[in-house]
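Trainee: I'm new to this one and would like a close look at a single part. Could you walk me through the sheet and whatever surrounds it, taking your time?

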Amino acid sequence: MSSYRYGRYVDGPDPLAPPTDLRAAMDELGREVMEGSSPESALRELLRRGLPGTRGLDDLTARLWRKRAAITRRHRLDGTLQEVQQLLREAVEAERAALFPDPDDDARFREAQLDALPQSTAAAVRELAEYDWRSPRARESYEEIRNLLGRELMDQRFQGMKQAVESVRPEDVRRIQDMLRDLNDLLAAHTRGEDTAERFDGFMREHGEFFPENPRTVDELVDALAARSAAAQRMTNSMTEQQRQELAELSRQAFGDSGIGAQLAQLDSLLQGMRPGEDWDGSARFRGDNPMGLGEGAQAMADLAELDALAEQLAQSYPGARLEDIDLEALVRQLDGDAGVDARRLAELERELRAQNLLERAPDGSLRLTPKALRRLGETALRGVIDGVRARGQRDNRSAGASGELTGSTRPWAFGDTEPWNVPRTVTNAVLRSAGGPVSLDVVDVEVSETELRSRAAVALCVDTSWSMVQDGRWVPMKRTALALHHLVRTRFRTDALELITFGRHAETVDIGQLTALEGVWEQGTNLHHALLLAGRHVRRHPDAQPVVLVVTDGEPTAHLEATGEAEFHYPPLDRTLGKTLVEVDSLARLGASITVFRLGDDPRLTRFVDTVARRSGGRVVAPDEDGLGAAVVSDYLRSRKRR
């Protein structure tokens, strides 16, 4: 029988994983944009924080820095020197133990030689190179010094070499000599443009055991060797001057006069010329207690470089940065598989936001929300407003109009509906419900035809954008209200003409994209006079439509527009400012427009003024809190349509 094993899917994205939640991402983006962030910075903030179930770039970066700190705080670089010193002590102590019982003069002379050894470890090892050891254990310990140095020096430049070279026997030295000679010839030919794929393949067949990275081309081989060689150089740069001198002397003794040292120097020179962009001059400070050998130290320096590169990729601070630039394999190697999954999801989120036409580049190169994204934000805002209306106990008006032209859509009948029955749909429902038996109509079968009002409205939504709206936390509710009303008009009352008007020191008409991305700036002045002038112009452009003027403000008028086009500001408000504003109120009233003012805050002067506006225009005043603003504006708009 066949056996099966189940585990985590690791070969690319999980095909059974749920799709990227763009709605949640758009809600987060919309909130940031409406609070005044640019779409570009809002996207950057979203990716930094992440989403529920997906850690953001900040969390991944923090994990990288914690690992980097752990490497430098736990380790130090003198591990090979310490091992050499330990082996040297063992050799000398074993030799002394062998010499002590021997009474002849030769034994005393040898003891004197051991007593006179230099303090420098490298010098002592060099001086004992020709010493004739009496103790087999001492000779073995001394020979292990050469084996250790050979393995470490090769492992410092070739990852995994310590496993490939178990000892520095004559045959091992010849293998290394042959590999280095062929490698230098291959790289020299590559720099001259004379290498071929066949030559590289032959080199790998002959010496592939020394390269566990399994490079597929000369360039990949050079990349791996240069990164390792640069890490070895940075490790040397990180040592003290005394440690560097000791290791340089020991390195010359590791392979004797085999010429391997010269070949390694030639290799380093070739690699520096081929990859000058590698960090050959850097260093790091290690202050831990765990000693590392040359190979481990080079790997630690390579890890530090990879961690720094990953941190730069996650920071996304360079021009043209994209999350697709992140090296997922390196991230998994340095952290874990979960980090790779999080980074992949964030990259997919960024890619999908662009692919699904939710973000686009403006002509000036900046990032902006597309109309599709604005519609989605408007849908979310309207849903929140409708939920607020229901919470206040108002009945959801699901019809597109009370009477008039058919829209072509139907829906199940509900108590209180006055729309005409859709007979074909009603009979079809009854037949399907009867399942082949006698057909009889039931109330659950009835569907009605939706209709659309023949009348249309010219709606002017005037929103206060003075600094007090930002300061008192009313900025985002104001934008969310405008989004909800805009989406409602564009989707259910398409014949209505909606104008969005902002007013601070001056007033201006804006589209929904401009309003959504509008940043709060410190500006004195609440020029309702200018806003009502623009509202009147909008109403006059649509003489066949019912005028609806909605004003959202948290302060009385403190500025008005002069004939020259300049705005005059004064606080407390001038009688001239209040008078010119009320003149526009009366002008709108003559056009048939009743003004509904949504008063935010409890300023007594504002309360008296908006009461006057409502009385003179035949409108009304609504005083919602910030959370209820959207529901109040949308409800008033629907009420005005129902009244018509």
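**A close look at one sheet and beyond**

Mentor: Let's start on the outside. Trp413, Trp421, Val423, Val427, Val431, Val439, Leu441, Val443 and Val444 make a nonpolar surface patch of about 860 Å². Keep in mind that this is a predicted model. To get your bearings in the patch, pick out valine 439, which sits in the loop between helix 18 (423–434) and strand 8 (447–452). Valine 439 counts as exposed because its relative accessibility is 52%, and the cut-off for exposed is over 50%.

Now for the sheet you asked about. It's an open sheet of six strands, and reading across it the order is 11-10-9-12-15-16, with mixed pairing. Strand 11 (507–510) and strand 16 (620–622) are the edge strands, each pairing on one side only. From one strand to the next, the twist averages 20 degrees.

Let's walk across part of it. Strand 9 (residues 457–464) and strand 12 (residues 546–553) run parallel and are joined by seven bridges. If you want a pair to click on, try valine 459, whose bridge partner in strand 12 is valine 548.

Something also lies against the sheet here. Helix 22 (residues 528–541) packs on it, touching strand 9, strand 10 (497–503), strand 11, strand 12 and strand 15 (594–599). The direction of helix 22 makes about 165 degrees with that of strand 10. Helix 24 (residues 604–617) packs on the sheet too, and its contacts are with strand 12, strand 15 and strand 16. Compare its direction with that of strand 15 and you get about 160 degrees.

Keep going and you step from strand 12 to strand 15, which run parallel and are joined by six bridges. Here valine 551 stands opposite valine 597 in strand 15. Valine 597 also stands opposite valine 621 in strand 16, so follow that residue if you'd like to cross to the edge: strand 15 and strand 16 pair in the parallel sense over three bridges. Strand 15 itself is mostly covered, with five of its six residues buried.

While you have the model open, look at the charged pairs as well. The count of salt bridges comes to 39. One of them links aspartate 106 to arginine 110, at 2.9 Å from N to O. Both residues lie in helix 5 (residues 105–115), four residues apart, about one turn of the helix. Aspartate 106 counts as partly exposed because its relative accessibility is 34%, whereas arginine 110 is buried at 11% relative accessible area.

Arginine 110 has another partner: aspartate 132 forms a salt bridge with it, and the closest N and O atoms are 3.8 Å apart. Aspartate 132 lies in the loop between helix 6 (121–127) and helix 7 (136–157) while arginine 110 is in helix 5, so this pair ties together parts that are 22 residues apart in sequence. At a relative accessible area of 49%, aspartate 132 is partly exposed. Salt bridges that share partners go on to join Asp102, Asp104, Asp106, Arg110, Asp132 and Arg134 into one network.

One more pair and we're done. Aspartate 78 and arginine 76 form a salt bridge, with 2.8 Å between the closest N and O atoms. Aspartate 78 is buried, its relative accessible area being 14%, and arginine 76 is partly exposed at 23%.

Definitions and conventions. Residues numbered from 1 in each chain as written. Predicted model: local features only at pLDDT ≥ 70, side-chain atom pairs only at ≥ 80, totals over all residues. Heavy atoms only, no water. Pairing = 2+ DSSP bridges. Helix = DSSP H or I, 4+ residues; strand = E, 2+ residues; numbered from the N terminus. Axes fitted to C-alpha atoms, helices over the stretch in contact; angles between N-to-C directions. Contact = heavy atoms within 4.5 Å. Patch = residues over 30% accessible without salt bridge, like charges linked within 9 Å, V, L, I, M, F, W, Y side chains within 5 Å. Areas by Shrake-Rupley, 256 points an atom, 1.4 Å probe, with all protein chains shown as cover. Salt bridge = Lys/Arg side-chain N within 4 Å of Asp/Glu carboxyl O. Buried < 20%, exposed > 50% of the residue type's maximum accessible area, 1.4 Å probe, protein only.
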